[in-house]
Amino acid sequence: MTELQDYVDSLFRRQPSTLEIDDLKEEIFGNLCAKRDDLMAQGMDAARATELAKESLPDVDFLIDGNQLTDVGAYQRACAQTVLLNCILFWIFSLPLLVIGYAPVSYLGLLLVAVSGGVYLLKRRQPAPRAAFLSVTASRRRRTVAWMLWGLFFLVAAGTMAALTFGSNLWFGRPPHIDGPYQMANIAARFYLPLLTIFIPVTFGNFTTLLIKSRKGQENE
């Protein structure tokens, strides 16, 4: 009994503890116990019956709702390409910052392009991994968390910039005063900087879309 329970626990070691998962574990454990008992009733010894029961279910990934059989190689290459494209877009949109005192941000974008480009080339040359079950549900959860964290970050960053830029004027009841287009551009850049980070949650969203498109056999449907 303990050996089968430990085996079932090992099958679910990478799965989150939810009510559905716990129910599935109990069902599988009961089925394996029934199979072992049936084999023993046919005259097989307990150790051999237990081994055959375990061999009848080598994994449970295909039983988990939200999991899909995925072409891992195609998915990883597509993700690497998406990261490269988003880094290029980040760098392009950061170019205006070169002329208003935020050049390091643009240089960072260029560095990200170089690094992600190298990773993409390595992924293209690597042998394709075997197909595996990956969780679309988990990917969607990461996408949602990424957007929530980014939204909170942007609100805090924009609010802080607004307080630092206009706080003293509002405190003393003075109207905001901007000395020329350069100062206006500098103020706009303070709000533009946190907005540029939107490429982070966008990339997580792209990962989810690519995962669904990389389902094994998708090209034959």
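How are α1 and α3 oriented relative to each other, roughly parallel or roughly antiparallel? In this predicted model, the two helices pack at an angle of about 15°, with their axes 11 Å apart. Because angles under 35 degrees count as roughly parallel, α1 and α3 are roughly parallel to each other. The crossing of α1 over α3 is right-handed. On the α1 side the contact is formed by Glu 3, Leu 4 and Tyr 7, and on the α3 side by Thr 50, Glu 51, Ala 53 and Lys 54. By class, this contact of α1 with α3 comprises 3 nonpolar, 1 polar and 3 charged residues.

The overall organization of the chain provides the setting for this pair. The secondary structure consists of 8 helices and 2 strands, arranged along the sequence in the pattern α-α-α-β-α-α-β-α-α-α. The chain has 221 residues, of which 32% count as buried. Among contacts between residues at least 6 apart in sequence, 77% join residues at least 24 apart.

Helix α3 spans residues 46-55, and its buried residues are Ala 49, Thr 50, Ala 53 and Lys 54. Viewed down the axis of α3, these buried residues fall within an arc of 135°, so they line one face of the helix. Ala 47 and Glu 55, by contrast, are exposed on the other side of α3. The cover over the buried residues of α3 includes α1 (2-11) and α2 (19-41). Three of the buried residues, Thr 50, Ala 53 and Lys 54, also take part in the contact with α1.

Helix α1 also packs against α2. The axes of α1 and α2 come within 10 Å and cross at roughly 140°, an angle that makes α1 oblique to α2. This crossing, too, is right-handed. From α1, the residues Leu 4, Gln 5, Tyr 7, Val 8 and Asp 9 meet Lys 25, Ile 28, Phe 29, Leu 32, Cys 33 and Arg 36 of α2. The contact of α1 with α2 is made up of 7 nonpolar, 1 polar and 3 charged residues. Leu 4 and Tyr 7 of α1 appear in this contact and also in the contact with α3.

Helix α2 also contains Ile 21. With a relative accessibility of 10%, Ile 21 counts as buried, because buried means under 20% relative accessible area. When residues up to four places away in sequence are set aside, Ile 21 touches Phe 12, Gln 15, Pro 16 and Ile 64. The last of these partners, Ile 64, is 43 residues from Ile 21 along the chain, and the C-alpha atoms of the two are separated by 7.9 Å.

A further helix pair is formed by α4 (residues 72-94) and α8 (residues 199-213), which pack at an angle of about 155° with their axes 10 Å apart. This angle makes α4 roughly antiparallel to α8, and the crossing of the two helices is right-handed. The α4 side of the contact consists of Tyr 75, Ala 78, Cys 79, Thr 82, Val 83, Asn 86, Leu 89, Phe 90 and Phe 93, which meet Phe 199, Val 202, Thr 203, Asn 206, Phe 207, Leu 210 and Leu 211 of α8. Classified by residue type, the contact of α4 with α8 contains 12 nonpolar, 4 polar and no charged residues.

Two residues of helix α6 were examined in relation to the later part of the chain. Ser 139 lies in α6 and, at 3% relative accessibility, counts as buried. Leaving aside neighbours within four places in sequence, Ser 139 is in contact with Phe 207, Thr 208 and Leu 211. Of these partners, Phe 207 and Leu 211 also belong to the α8 side of the contact with α4. Ser 139 and Thr 209 are 70 residues apart in sequence, with a C-alpha to C-alpha distance of 9.2 Å. Val 145 is likewise found in α6, which covers residues 136-171. At 41% relative accessibility, however, Val 145 counts as partly exposed. Val 145 is separated from Pro 201 by 56 residues in sequence and by 8.7 Å in space, C-alpha to C-alpha.

Conventions:
Residues numbered from 1 in each chain as written. Predicted model: local features only at pLDDT ≥ 70, side-chain atom pairs only at ≥ 80, totals over all residues. Heavy atoms only, no water. Axes fitted to C-alpha atoms, helices over the stretch in contact; angles between N-to-C directions. Helix = DSSP H or I, 4+ residues; strand = E, 2+ residues; numbered from the N terminus. Parallel < 35°, antiparallel > 145°, perpendicular 65-115°, else oblique. Left-handed = near helix turned anticlockwise from the far one by under 90°. Contact = heavy atoms within 4.5 Å. Nonpolar A, V, L, I, M, F, W, Y, C, P; charged D, E, K, R; others polar. Buried < 20%, exposed > 50% of the residue type's maximum accessible area, 1.4 Å probe, protein only. Arc of directions from axis to C-beta.
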